[in-house]
Every structure is written in C-alpha cells, then in structure tokens.
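Hi,

Here is the structure we talked about, with my notes underneath. Have a look at it first, then read on.

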Amino acid sequence: FVRLLDILAQDYDVALMNPPYGSRNRMPDVVTDYIEKADGFDYTPEFYINFFEVCETLSKESGRVGMLVPRSFMFKRRFTQFRTDFVGKDGSFDFLAEYGLGILDNATVRTIGTVVRIDQSEDETADFIRLSDVRTLEKEETFIQSVFDSGDDAVDRVYHVDISEFQKVPWVPLSYWTPSEIRDLHDTELKLDSSVADIDAKSVGKAAKGMDTGDNDRFIQTHWESEEDRNFIPYAKGGSDAWVKPETKLTLNWHGDGRELSRFPKSNLKNSQYYQKEGLTWTYAKETGRRFGYFPPDGAFDGKGSMFFSDGVNPWTLMAALNSALYHNLFLSLTPERDWQVGDVGRIPWIESLEETALSELAQQQYDLALEAAFSVPTSPHYKGPDLLPTADNFFYEHPYTDLEHDIDSQENRIRPA
C-alpha cells in the first residue's frame, strides 16, 4: 500500500491508460457517486474521461497522456466541455488516429488512439490520421505508410489542423476532415433551431422530437387496415427512407383528438402543439444524406420520425437545401454518426441567400415526380394501379393525403390542397 502511494505521489512524463469500455449507464453507482463528489473530476461520469483526469494529475506539466478510447468523445454533446478545454487552454493533441472498427477483439466499438499534450503549447496544430475505412489487417501498414511515406492511397489520410478551427462549430466536434470553408459557414447568427441545440443564436424554426405511444401495436396501423376509420391520421415514423416524399404507410389512432392516446399511462405526447401541422420529417438513422421529406398537415409524428417546422422560410426551399450535398457536408462537420438527433439539426446554420433562388419550385417538381412514382406502389396511399396497366384516374385507397389535388402536368407543377 505504501508503495502504491509512493507511485501515485510522483509526476510522470508519460501516462498510458486502458479504461473499461463500458458506457456511462454501466458505471457502478458507487463509482458514479465518487466521481461526482471527489475533487479533481470536472467532467461527466464516464470511465475513459475520468481515467484521463487521473492520468492528467499524474503527469508533469507539458507531459503526455496516451489512450485508446471510443471515438464518442469527439462528437457527443455531453463531452462538449471536455473538447472545448482541449482545443483551448488546457492542452491539445500531438496526434489522433481514428481506427474505426476491428481494433478490439469481440467489441463493436469505433476507437481512436491519441496522444494528448498536458497544457497548451506554442504549436497550435495537430495531426489527425483517418483509418476508419481501412480493413482490420491493413490498418497498421496503412498507418505507417500514411505517417512516414506519402504512399499511393488516393484517400486523404493525414490532416494537419489548427485546433482553433474546431471552435467555429457549435459543441466543438472534432471533425478534422471538414474543410475550413465548410466550418466558416457555421459562423452565422441564424441556425435552424438554436433553442433545442442550446446555443446563442436566432432560429428559423423548431426541430421537434415526436411522441412515444407506449403501445404501437394498439395505436398504430398501416393505412389499408384503418382505411374506413377516420379516427386514424397519417403518422411519420422515420423508416428506411423519408427523402422528398415519405412513404406514409402508417396511421395513428387519434380518436377524440388524441384523448384516448393521451390517457394511456405509458404514452408520452411530446411537442403535441405541432401535431397536424405541415413540416419536414427526416430519417433518423441512415448511412448517407438525403434524409428530409415533406410531410403534409393533418398528421402526427413519432420520436423516430422527428420533424422540423419552419417559421417563415418556405418548407420546400428548406427541403431542397437540407438534402443538398452542401448541407450534407455541414451535417458531417457536426457528426459522422448514422443518427441525426434534433440537436444536430438545430445547430445547422441557415444560409439566407438560398431563399432568393428557385429551390422552392424545383423541390415541388421533385415531390411531384416522387408522387407520380408512388402511383404504382401497392403499399402507398397514392396507389392507382400497376405500371403495366393504363394509369387509373382514381386512387385505390381512401386516405387523407389523397385529398390533395395534384396536377403533374400543370405549368406550376406543384401539390396544393383541393
């Protein structure tokens, strides 16, 4: 015991850490209570963050801490203060290598390896190495080639970044691959929804997470099951693809304006003031962009079918912009994760000059084409008949959204209420 105290009382040039790969919710209560009450712990209770804090106390001024940890600290909201300190006054990275999957046996966790400088140095740049897309057995060789030799890889692998660049983006994500020109677009006072992102800026709308029915089998049906019951309304629940025109296959039991649902003990009707309003919904989890689609009024939305409600900006313009390659890069500057939370959508900047373009008309034309394609999809509420037969004049199903008068061949080429 005395020997242990002697070791812990010394300062070291280098400290290495190998923390447990457990989530915050799996940290024992007694450890969590200790972290929250003891001196020397400034950040959220999380094994690898708290391990780092201990290593920091063991290291000399201008020492180094080496660690292999999950990459979640690079982007998650609850680690914002930790990231802010290490691109500011408290230190920096000698290098950070993003390994991705395949580093740890039997663990599906995306990892990074990094050496952190204790205390700020005169050198305000850091090297970041991208290996997340490299196969497991090739990572080591690719790392060596990238660092010590230019190699023949057509993919940019080494990034030299001024760490102050990260502070341009809300929540300070360590998106090292983002060009400076994209980060500069975040330097605006106008965001999609600054309140949900908890940042000091103006907003152009509201990003809202939807309800949890508490019993989907009881309250949700496909539209062909509830066709004859007008107590059911269209329901946005994310799904595999909400791009441009969401599938809208589901309906929600809204009997008595939702009174039956609201009285159900397990239900949670979040943001109910936005139910039955038009807006944009998006696919919550997807590997690529192009997630946003127009959801007409008179429907409701799920927690996995979150929506954005514009306050003055044309929703068609918004949809076109958010589905663009430019905005996909803006989202990637926030997080590379598959899940886009309402907070991610909220901190996206809005470029006002886009409102002066023809994006609205083009987006409505795109929606019309998607609607026309749905005429031959049997599960769509807009189904008319198979492609092999002449298009019928009437819709096969009765559905609230088939009451929308469409005029595919009109000069305006848009959808409008009948």
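**What I found**

Glu-165 is buried, with a relative accessible area of 14%. Before I go on about that residue, please keep in mind that this is a predicted model.

Glu-165 pairs up with Arg-183 in a salt bridge, and their closest N and O atoms sit 3.3 Å apart. The two come from distant parts of the chain: Glu-165 is in the loop between strand 6 (158–162) and helix 6 (180–184), Arg-183 is in helix 6, and 18 residues separate them. Arg-183 is buried as well, at a relative accessible area of 2%. A buried residue here is one under 20% relative accessible area, so Glu-165 with its 14% falls on the buried side.

**The other salt bridges**

How many salt bridges does a search of the whole structure find? It turns up 19. As general background, side chains of opposite charge can pair when their charged atoms come close. Here are two more that I looked at.

Lys-206 and Asp-193 form one of them, with 4.0 Å between the closest N and O atoms. Lys-206 lies in strand 9 (residues 205–208) and Asp-193 in the loop between strand 7 (190–191) and helix 7 (194–197), so this salt bridge ties together parts that are 13 residues apart in sequence. Are the two partners buried or partly exposed? Lys-206 counts as partly exposed, at 21% relative accessibility, while Asp-193 counts as buried, at 1%.

Next comes Arg-218 with Glu-260, whose side chains meet in a salt bridge at 3.6 Å, N to O. Again the pair links distant parts of the chain: Arg-218 is in helix 8 (residues 216–219), Glu-260 is in helix 9 (residues 255–263), and they are 42 residues apart. Arg-218 counts as partly exposed at 43% relative accessibility, and Glu-260 also counts as partly exposed, at 30%.

To return to the pair at the top of this email: salt bridges that share partners join Glu-165, Lys-168, Arg-183 and Asp-184 into one network.

**A buried glycine**

If you have the viewer open, go to Gly-346, in helix 12 (residues 342–346). Gly-346 is buried, with a relative accessible area of 0%. Which residues does Gly-346 touch, leaving aside those up to four places away in sequence? They are Lys-191, Leu-192, Asp-193, Ser-194, Val-196 and Ala-197. You have met Asp-193 already, as the salt-bridge partner of Lys-206. Pro-170 is also worth finding on screen: its C-alpha atom and that of Gly-346 are separated by 10 Å, although the two residues are 176 apart along the chain.

**Two positive phi angles**

Two residues other than glycine have a positive phi. Asp-257 has a phi near 55° and has its place in helix 9, the helix that also holds Glu-260. Asp-257 is exposed, with a relative accessible area of 64%. Arg-290 has a phi near 50° and is found in the loop between strand 13 (279–282) and strand 14 (292–295). At 51% relative accessibility, Arg-290 counts as exposed; the cut-off for that is over 50%.

**A nonpolar patch**

On the surface, Leu-4, Ile-7 and Leu-8 form a nonpolar patch with about 250 Å² of accessible area together. Ile-7 belongs to helix 1 (residues 2–8). Ile-7 is partly exposed, at a relative accessible area of 31%.

**The whole chain**

Finally, the overall picture. The protein chain contains 13 helices and 18 strands, and its C-alpha trace spans about 85 × 50 × 45 Å along the principal axes. Of its 418 residues, 47% count as buried. Among the contacts with a separation of 6 or more, 66% are between residues 24 or more positions apart.

The accessible surface of the chain is about 21,800 Å², and carbon and sulfur atoms account for 48% of that. As for charge, the chain has 43 positive and 72 negative charges, and their mean positions are 4 Å apart.

Cheers

Terms used. Residues numbered from 1 in each chain as written. Predicted model: local features only at pLDDT ≥ 70, side-chain atom pairs only at ≥ 80, totals over all residues. Heavy atoms only, no water. Helix = DSSP H or I, 4+ residues; strand = E, 2+ residues; numbered from the N terminus. Buried < 20%, exposed > 50% of the residue type's maximum accessible area, 1.4 Å probe, protein only. Contact = heavy atoms within 4.5 Å. Areas by Shrake-Rupley, 256 points an atom, 1.4 Å probe, with all protein chains shown as cover. Lys, Arg positive; Asp, Glu negative; His and termini not counted. Charge placed at Lys NZ, Arg CZ, Asp CG, Glu CD. Patch = residues over 30% accessible without salt bridge, like charges linked within 9 Å, V, L, I, M, F, W, Y side chains within 5 Å.
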